[in-house]
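This note is addressed to a colleague who is meeting the structure for the first time. Please keep the sequence and the model at hand while reading the points below.

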Amino acid sequence: MHRSMDEPVGGGAEPDTRAHPAELPETPPPRTQPPRGVRDEDGPAPDALPDPSAVDPAVLAALLARHGWCLRGGAAGRYTRWTPPGPAGGPASLLVPATVAFPDTEDLLAEALVALARSTEPSARDVLVALAVPSDEVRWRREVPEGTAAAAGAAGAAGWGEAEVLRSAALRLLLAGSLAVRGPAGHHGARHRRRARAALDDVLIGPAPGGRRLTAFLPVASGRAVAGRLYRALHAAREAVDYQRATGGMEAFDAAVPAGVSRELTEALVALVRGSEGARITVDWAPSRGAPDHCPDRPEPVDFSPGDLPALRLAGVRYRRQEPSLPVRITGAVVRMRRSGPRGPGTVRLRVLAGAEVAHVRVELDEEAYRIAGHAHLVGLPLRVDGLLESRGGFRRLTGATQVAPVQVDEAERDRLMKALQENLDWFEEACAGKE
């Protein structure tokens, strides 16, 4: 999910993304377009720094400690001194007031924020982003084999490729968490994807140098449900893998579905771990808001290794096979028609308006129902059809279609459907003639 996510990838159109309050310097190198709904974090510009008067010194200190900054003393009860991560800590240091009770508190905070903005330490930008918008953080660390890392250092394209592997897997995990918020399922397929991606609109993703580390910021206001569900799902998946490796049984994966484990999540974990020596995922809550319900204050990281891949792959296959097809009544606009000749049965593609949480479905129709679909499209009316939404195709196909009939709609919707017909009249005439 997510922006490293400024453009859509596959699927139907998604809502426009919105700008994040914090934008940081140094544009990352070009990369493949991520799913819309998550944005790249490029670093906060000086004029976009958080307002010092709105910064809680305790929150700033907690974020510095979280990101490895070192406490180097200070004046007891007045301020603390922090240096960047590392044994030496570097020449720069930050003074963070202990409370807001002193008159120079705002000045010290302003100086600390400017110093963070000018710092070359990568974690400084993460701290600024977390201050700008209270956010839960999800961090990925992928252990790339030393040979691969050395090759990546020698060839920039290889390093970029490793970063893309990590970014893609991270986005898939965020999307799996967002899908689980919509409702537990072993296999989501195409269901709920528009809403799941929309829930990631405000997620911000930082750079992934070398393909080893990546951080996503999920604003508490819009992304806390995703962060909480992803945390529970990851730990449930870890327990299920351990059970399978110890006993050979897959029952724990069935019990993990209510926690958010799904085919989408297991496949994302496979993509994350494959080709690596292991991966660690850490979730940290926004220090200004504390932990969500039913989650520990200090979550433990969860690790996956190449030895977990067989269990994760088996679980993905199991989830896909076990998720049942669904009886539905769908209302949709005909957007494409196809049959092999001028007569006989055919297939139509519907843009779903109601009845199922998918964008489009294909429906196989007999000759009479196909004729009804064609007439409905010609006059700008959607169809209503009963059938079985098949899980095997990712819930993109409707079989056993019955009760096919046009549906009356308001004038505005009918005009829009008619305009779509006029713009695609050539292929529609070919479809009706059996030439497509």
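The numbered points below treat the basis of the model, its helices, its salt bridges, its cysteines and its nonpolar cores.

1. Basis. The model is a predicted one, in which local features need pLDDT of at least 70 and side-chain atom pairs count only at pLDDT 80 or more, while totals for chains, interfaces and linings use all residues. Residues are numbered from 1 along each chain as its sequence is written, and side-chain values use heavy atoms, with hydrogens and water left out.

2. Helix α7. Helices here are DSSP runs of H or I with at least four residues, numbered from the N terminus. Helix α7 covers residues 220-247, 28 residues in total. From first C-alpha to last it reaches 39 Å, close to the 40 Å expected at 1.5 Å a residue, where the expected span is 1.5 Å times one less than the number of residues. Glycine 248, just after α7, has a positive phi of about 85°.

3. Threonine 105. This residue belongs to helix α2 (residues 105-118). Threonine 105 is buried, at a relative accessible area of 5%; buried means under 20%, exposed over 50% and partly exposed in between, with a 1.4 Å probe and protein chains only. Contact means heavy atoms within 4.5 Å. Apart from neighbours within four places in sequence, threonine 105 is in contact with Pro97, Thr99 and Val100.

4. A salt bridge between two helices. A salt bridge is a side-chain nitrogen of Lys or Arg within 4 Å of a carboxyl oxygen of Asp or Glu, and the count by this rule is 20. One of them pairs arginine 318 with aspartate 254, with the closest N and O atoms 2.8 Å apart. The pair links distant parts of the chain, 64 residues apart: arginine 318 lies in helix α10 (residues 309-322) and aspartate 254 in helix α8 (residues 251-255). Arginine 318 is partly exposed at 25% relative accessibility, and aspartate 254 is partly exposed at 30%.

5. Salt bridges within a helix. Why are glutamate 267 and arginine 263 separated by about one helical turn? They are so placed because they stand four residues apart in helix α9 (residues 263-273). An α-helix has 3.6 residues a turn, so residues three or four places apart point the same way. The closest N and O atoms of this salt bridge are 3.1 Å apart. Glutamate 267 is partly exposed at 29%, whereas arginine 263 is buried at 14%. In helix α11 (residues 367-378), arginine 371 and glutamate 368 are three residues apart, about one turn of the helix, and their closest N and O atoms are 2.3 Å apart.

6. Cysteines. A disulfide is a pair of cysteine sulfur atoms within 2.5 Å, and the count by this rule is zero. Cysteine 70 is partly exposed at 21%, and cysteine 295 is buried at 10%.

7. Nonpolar cores. A nonpolar core is a set of buried Ala, Val, Leu, Ile, Met, Phe, Trp, Tyr and Cys residues joined through side-chain atoms within 4.5 Å. The largest has 50 residues, and those with the most contacts inside it are Trp140, Leu173, Leu174, Leu265, Leu269 and Ile281. Helix α7 gives the most to this core, with 10 residues. Beyond four places in sequence, leucine 265 is in contact with Leu173, Ala176, Leu230, Ala233 and Ala237. Another core lies apart from the largest and has 24 residues, among them Val334, Met337, Tyr370 and Leu383.

Notes:
Helices (H or I, at least four residues) and strands (E, at least two) are DSSP runs, numbered from the N terminus.
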